[in-house]
Amino acid sequence: MILKENERIDDLQRNGYRIIQNPDKFCFGMDAVLLSGFVRAKEGSSVLDMGTGTGILPILLEARTGAAHLTGLEIQEESADMARRSVALNGLEEKIRIITGDIKEAGNLFDAASFDVITCNPPYMIGQHGLVNPADAKAIARHEILCTLEDVIGQTADLLKPGGNFFMVHRPFRLVEIMVLLRQYGLEPKRMQLVYPYVDKEPNMVLVEANRGGKPRMKVEKPLIIYKEPGVYMPEIYELYGY
């Protein structure tokens, strides 16, 4: 496995799996790990991760769930290339495939209603205000430069099987917009969990599950707290990280 300039291999603490990353470009964060722990995928299910980056979610979900096959869609070829090499590094070529492509064109890349589960850790920030270089890999991952929240939800509605589930991590300040768009595209919100950095702070992430064609009724999970004190995770977080 040949690493390119500034790349490194990180241990994922799951099944001995490792991932190739370039800290100068973009490395996965806690949001991806939290989403992997929130996702429910039944035995034999097919999963699509939209905006997969370096493939962190498909690899973690292969370790955590009974999914039969996972696909990662990524528009940035450099990230997609790292994801493919990480898949090969872990010997997962028969279970995970990485496709270079645009979320906005996902409906042209895959058959309609072909996935049981779709996941996404999308860009959180609206627009390009204050960005020095909108083409920068980190900017694309964090800001809605190449796709919007509506693009993600609209394509998900087309690609999910009836009764299929969509899982996403986002920011609480956009929660109303998230719920409105999910309903607009026939994805019924079914489960939500707010994530707090500390017990006495405001939430800074929200995990959402929606079902295609589901009946109205949403369960709000107990809050997830990240830190017990500075530098010390809560037990649930250590468990998610595999420690």
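Here is a walk through this fold, from the whole chain down to a few residues and then out to a pocket. Keep in mind that you're looking at a predicted model.

Start with the big picture. The protein chain has 8 helices and 13 strands, and 49% of its 243 residues are buried. Take the contacts in the chain with a separation of 6 or more: 69% of them link residues 24 or more positions apart. As for the outside, the chain exposes about 11600 Å², with carbon and sulfur atoms supplying 51% of that area.

A good place to go in is strand E3, residues 46-50. Here 5 of the 5 residues are buried, so the rest of the structure largely encloses E3. Ser46, Leu48 and Met50 point one way from the strand, while Val47 and Asp49 point the other way. Both sets are buried.

Now look at who sits beside E3. It pairs with strand E4 in the parallel sense, over 5 bridges, and it also pairs with strand E6 (residues 115-120), again parallel, over 4 bridges. Val47 lets you see both pairings from a single residue: its bridge partner in E4 is Leu70, and in E6 it stands opposite Val117. Further along E3, Met50 stands opposite Leu73 in E4.

Moving across to E4 (residues 69-74), you find another mostly covered strand, with 5 of its 6 residues buried. E4 is also joined to strand E5 (residues 96-100) by 5 bridges, and these two run parallel. Leu70, which we just met as the partner of Val47, stands opposite Ile96 in E5.

How does the chain get from E4 to E5? It crosses through helix H3 (residues 77-89), and this β-α-β crossover is right-handed. There's a right-handed β-α-β unit on the other side of E4 too, in sequence terms: E3, H2 and E4 make it.

Let's zoom in on Met50, which lies in E3. Why does Met50 count as buried? Its relative accessible area is 0%, and the cut-off for buried is under 20%. Its surroundings come from well-separated parts of the sequence. Ile118 is 68 residues away along the chain, yet the C-alpha atoms of Met50 and Ile118 are separated by 7.4 Å. Beyond its neighbours within four places in sequence, Met50 is in contact with residues including Leu73, Ile103, Ala106, Ile118 and Cys120. Val152, Gln155 and Thr156 are among its contacts as well.

Those last three take us to helix H6 (residues 149-159), where 8 of the 11 residues are buried, so H6 is largely enclosed by the rest of the structure. The buried residues of H6 include Val152, Gln155 and Thr156, along with Leu149 and Leu159.

Just past E3, in the loop between E3 and helix H2 (56-64), is Thr54. Is Thr54 buried or exposed? With a relative accessible area of 6%, Thr54 is buried. Setting aside neighbours within four places in sequence, it touches Ile19, Ile20 and Gln21, plus Ser79, Met82, Ala83 and Ser86.

Finally, head for the second largest pocket, which holds about 390 Å³ of space. Its lining has 18 residues, and Gly37, Gln193, Leu224, Glu236 and Leu240 lie nearest its centre. Which elements contribute at least two lining residues each? Helix H1 (30-38), strand E8 (187-196), strand E11 (224-225) and helix H8 (235-240) each do.

Methods:
Residues numbered from 1 in each chain as written. Predicted model: local features only at pLDDT ≥ 70, side-chain atom pairs only at ≥ 80, totals over all residues. Heavy atoms only, no water. Buried < 20%, exposed > 50% of the residue type's maximum accessible area, 1.4 Å probe, protein only. Contact = heavy atoms within 4.5 Å. Areas by Shrake-Rupley, 256 points an atom, 1.4 Å probe, with all protein chains shown as cover. Pairing = 2+ DSSP bridges. Right-handed = clockwise from strand over helix to strand, strands pointing away. 1 Å grid on protein atoms, 1.4 Å probe; cavity = no way out; pocket = protein on both sides within 12 Å on 5 of 7 lines; lining within 4 Å. Points joined across faces, edges and corners; volume = space filled by probe spheres on them.
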